[in-house]
Amino acid sequence: MAVHVYESFESLRGDLRHRLSLHGGASFFRSLEWFECLANNGMENPALRIYVTSGTDLCALFCHQRQTTLQGLSNFYTVDYGPCGNNNGLHEIFEFIAAERPRWSVLDFRYLHDDDSAALQTAARRSGYRVYPWPQYENWYLETGGEDFDSYYRQRSSQLRNTVERKARKTAREHDLRLEIYPRGGISIEQALAHFQAVYAASWKDAEPFEQFIPSLLRLCDAHEIGRIGMATVDRKPAAAQFWIKDGERSYIYKLAYDEQFGELSVGSILSRAMFAHALDSDNVTEIDYGVGDESYKRDWMSGSRKLGGLVACDTGTLRGLLRSLRERL
């Protein structure tokens, strides 16, 4: 099985480009479209290294280089990283990487679920690297089991349900409360984007380090009909916003915020109730993924947690690799 390395997205052409794309069946966070969006809008000119196996069992590993370190193409915008395609080709890819000159002293991969971490560890060890996995983040999730929203909601804590219902009634009684979920309701993507940005700017969250990333990602998801933008207004003012991504039978809760002046109204939780109802009853997903982090509010809505991990692999035949290996061992 031959391995080819590409140093730009433009060099991926024809059938290969199709097979790595959403149209070719790739999951969203392993797709060519995601990596292009991340590299072009959410990173500072990464030096790409895209390793692809030939043949029917396609496997691709999207990476970038920093000096003698080869890193997975991921950063703080990533919620799930791993190979695109069939993991069976990972051994050949790592053998190819190990044979490259000049040598890679360190390989660094992050945001890995257990199965991807295990596959990468095995391939790296078989290719001669010293491997050091490490826990990175908590990842809360919900396996729906085919439940509808009413069944799911009855299983949430009485404290959550009572708070959301009481706040929703009070807010609707005292204010003009409106909830919309794009792409429903005759709202354009640009209107939904403007609402999201207005809420985010008025929230407690820091400004995005790459201001074009979220707009680019929203438009990408909209083009593939997988973006869900929840919007709450109070007295016609943007109050809360959520950005979910539907990837097959899974939905990712990607970004959310609320304007702090409406914090006492629990408008974020009210909008969450509507978004969960849409995911379960309209999108019929079997899993909802709450992304990266162990914030306490996630536990109210989810059923379990798992680890996202990192992986460092060292070539101890290089000085930098040996020193990094000693540091990891200590």
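Here a visitor and a guide talk through a predicted model.

Visitor: What makes helix H8 mostly covered?

Guide: Let's count together. H8 spans residues 213-223, and eight of its 11 residues are buried. Those buried residues are Phe213, Ile214, Pro215, Ser216, Leu217, Leu218, Leu220 and Cys221.

Visitor: Which elements cover the buried residues of H8?

Guide: The cover includes two helices, H2 (32-41) and H7 (189-202). It also includes the strands S9 (227-234), S10 (237-247) and S11 (250-258). After H8 comes Glu225, whose phi is positive, near 60°.

Visitor: Why are helices H6 and H9 called roughly perpendicular?

Guide: Start with the angle: H6 (residues 158-174) and H9 (residues 267-281) pack at about 110°. Angles of 65 to 115 degrees count as roughly perpendicular. The value falls in that range, so H6 and H9 are roughly perpendicular to each other. Their axes are 9 Å apart.

Visitor: Which residues meet where H6 packs on H9?

Guide: From H6 come Val164, Glu165, Lys167, Ala168 and Thr171, and they meet Ser269, Ile270 and Arg273 in H9. The residues of this contact divide into three nonpolar, two polar and three charged.

Visitor: How do you know that Cys63 is not in a disulfide?

Guide: Look at the distance. A disulfide needs two cysteine sulfur atoms within 2.5 Å. The closest cysteine sulfur to that of Cys63 is in Cys59, 10 Å away, so it is too far for a bond.

Visitor: And why is Cys84 without such a bond?

Guide: The reasoning runs along similar lines. The closest cysteine sulfur to that of Cys84 is in Cys59, at 8.2 Å, which is too far for a bond. A search of the whole structure finds zero disulfides.

Visitor: Why are Cys63 and Cys84 called buried?

Guide: Buried means under 20% relative accessible area. Cys63 has 0%, so Cys63 is buried. Cys84 has 4%, so Cys84 counts as buried too.

Visitor: What makes Gln136 a buried residue?

Guide: Use that cut-off of 20% again. Gln136 has 17% relative accessibility, which is under the cut-off, so Gln136 counts as buried. You can find Gln136 in strand S7 (residues 130-143).

Visitor: How do you know that the side chain of Gln136 makes a polar contact with Tyr111?

Guide: The side chain of Gln136 reaches the backbone nitrogen of Tyr111 at 2.8 Å. The limit for a polar contact is 3.5 Å, so this distance lies within it. Leaving aside residues up to four places away in sequence, Gln136 touches Arg110, Tyr111, Leu308, Gly309 and Gly310.

Technical notes
Residues are numbered from 1 along each chain as its sequence is written. This is a predicted model: local features need pLDDT of at least 70, side-chain atom pairs count only at pLDDT 80 or more; totals for chains, interfaces and linings use all residues. Side-chain values use heavy atoms; hydrogens and water are left out. Buried means under 20% relative accessible area, exposed over 50%, partly exposed in between (1.4 Å probe, protein chains only). Helices (H or I, at least four residues) and strands (E, at least two) are DSSP runs, numbered from the N terminus. Contact means heavy atoms within 4.5 Å. Axes are lines fitted to C-alpha atoms, for helices over the stretch in contact, and angles run from 0 to 180 degrees between N-to-C directions. Angles under 35 degrees count as roughly parallel, over 145 as roughly antiparallel, 65 to 115 as roughly perpendicular and the rest as oblique. Ala, Val, Leu, Ile, Met, Phe, Trp, Tyr, Cys and Pro count as nonpolar, Asp, Glu, Lys and Arg as charged, and the others, Gly among them, as polar. A polar contact is a pair of N or O atoms within 3.5 Å; within protein, one must be able to donate a hydrogen and the other to accept it, and residues adjacent in sequence count only if both atoms are side-chain atoms.
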